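Student: I've got a model I'd like to walk through with you. Please pull it up and we'll take it piece by piece.

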Amino acid sequence: MAYDEELAERIRHLMAGRRGIVERTMMGGLTFMTESGMFCSASGKGGLLVRIDPASRDKFLSEDHVAPADIGGRRMTGFVRVAPEGYRTEATLKKWVERGLVAAAARPAAKKKPRKAAIAKQPKRGK
């Protein structure tokens with residue numbers, strides 16, 4: 001299932017003018033990231049996937065139109081899935097996107113993996 005293009009465009013509109021926002025197609029949707037990592041995704045399963053503080057998970061799950069996020073059959077404690085009814089208005093979408101940004105900012109910046117140094121080929125020795 002392809003992700004919701006209209007939702008992706010709404011998120012882009014909210015992020016217009018912000019620096020450091022990157023989009024990547026991953027986990028079956030279009031993911032929005034900062035240097036601290038993913039903060040939300042227009043999910044291919046439908047709805048909005050939002051990063052949260054795992055300590056606040058129960059509070060978020062008690063809200064209307066919010067469900068646990070299962071990715072690849074694995075429950076993700078740092079994310080929730082919000083049904084379209086939960087972000088129908090621009091104000092409610094902005095609320096969820098901001099929550100994701102706050103949760104991502106609270107994490108340490110993702111470390112970039114060092115590239116492996118290219119091994120120089122040794123010239124063949126003549127006999």
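Student: Which residues does R81 touch, not counting those up to four places away in sequence?

Tutor: Ground rules first: this is a predicted model, where local features need pLDDT of at least 70 and side-chain atom pairs count only at pLDDT 80 or more, while totals for chains, interfaces and linings use all residues. Residues are numbered from 1 along each chain as its sequence is written, and side-chain values use heavy atoms, with hydrogens and water left out. Taking contact as heavy atoms within 4.5 Å, and skipping residues up to four places away in sequence, R81 touches S43, K45, G46, L48, L49, H65, V66, A67, P68, A69 and D70.

Student: Which side chain of opposite charge is nearest to R81, and how far away?

Tutor: R81 is buried, meaning under 20% relative accessible area (exposed is over 50%, partly exposed in between; 1.4 Å probe, protein chains only). For charge, Lys and Arg count as positive and Asp and Glu as negative, leaving out His and the chain ends. A salt bridge needs a side-chain nitrogen of Lys or Arg within 4 Å of a carboxyl oxygen of Asp or Glu. R81 has none; its nearest candidate is D70, at 7.3 Å.

Student: What backbone oxygen does the R81 side chain reach, and at what distance?

Tutor: The yardstick is the polar contact: N or O atoms within 3.5 Å, where within protein one must be able to donate a hydrogen and the other to accept it, and residues adjacent in sequence count only if both atoms are side-chain atoms. The R81 side chain gets to the backbone oxygen of G46, at 3.4 Å.

Student: Where does R81 lie?

Tutor: Helices (H or I, at least four residues) and strands (E, at least two) are DSSP runs, numbered from the N terminus. On that numbering, R81 is part of residues 74-82, which is strand β6.

Student: What is the strand order of the open sheet, and how much does it twist?

Tutor: Strands count as paired if DSSP finds at least two bridges between them. The six strands here pair antiparallel in the order β1-β2-β3-β4-β6-β5. The edges are β1 (22-26) and β5 (66-71), each paired on one side only. As for the twist, from one strand to the next it averages 40 degrees.

Student: What angle does helix α1 make with β2?

Tutor: Helix α1 (residues 5-15) packs on the sheet, where it touches β1, β2 (29-34), β3 and β4. Axes are lines fitted to C-alpha atoms, for helices over the stretch in contact, and angles run from 0 to 180 degrees between N-to-C directions. By that reckoning, the angle between α1 and β2 is about 15 degrees.

Student: And what angle does helix α3 make with β4?

Tutor: Helix α3 (residues 90-105) also packs on the sheet, with β2, β3, β4, β5 and β6 as the strands it touches. Its direction relative to that of β4 is about 35 degrees.

Student: Which residues of β4 are buried on each side?

Tutor: In a regular strand, side chains alternate between the two faces of the sheet. Both faces of β4 are covered, with L48 and V50 buried on one side, and on the other L49 and R51.

Student: Which β6 residue stands opposite L48?

Tutor: β4 and β6 run antiparallel and share four bridges. Across from L48 in β6 you'll find V82.

Student: Which residue in the turn between β3 and β4 has a positive phi?

Tutor: β3 (residues 37-42) and β4 (residues 48-51) pair antiparallel over three bridges. They form a hairpin with five residues in between, and the one with positive phi, about 100 degrees, is G46.

Student: How many residues sit between β1 and β2 in their hairpin?

Tutor: The two strands run antiparallel and are joined by five bridges, with M26 partnered by G29. In the turn, M27 has a positive phi of about 55 degrees, and the number of residues between the strands is two.

Student: Why does H65 count as partly exposed?

Tutor: H65 sits in the loop between α2 and β5 and, although not a glycine, has a positive phi of about 70 degrees. It counts as partly exposed because its relative accessible area is 40%.
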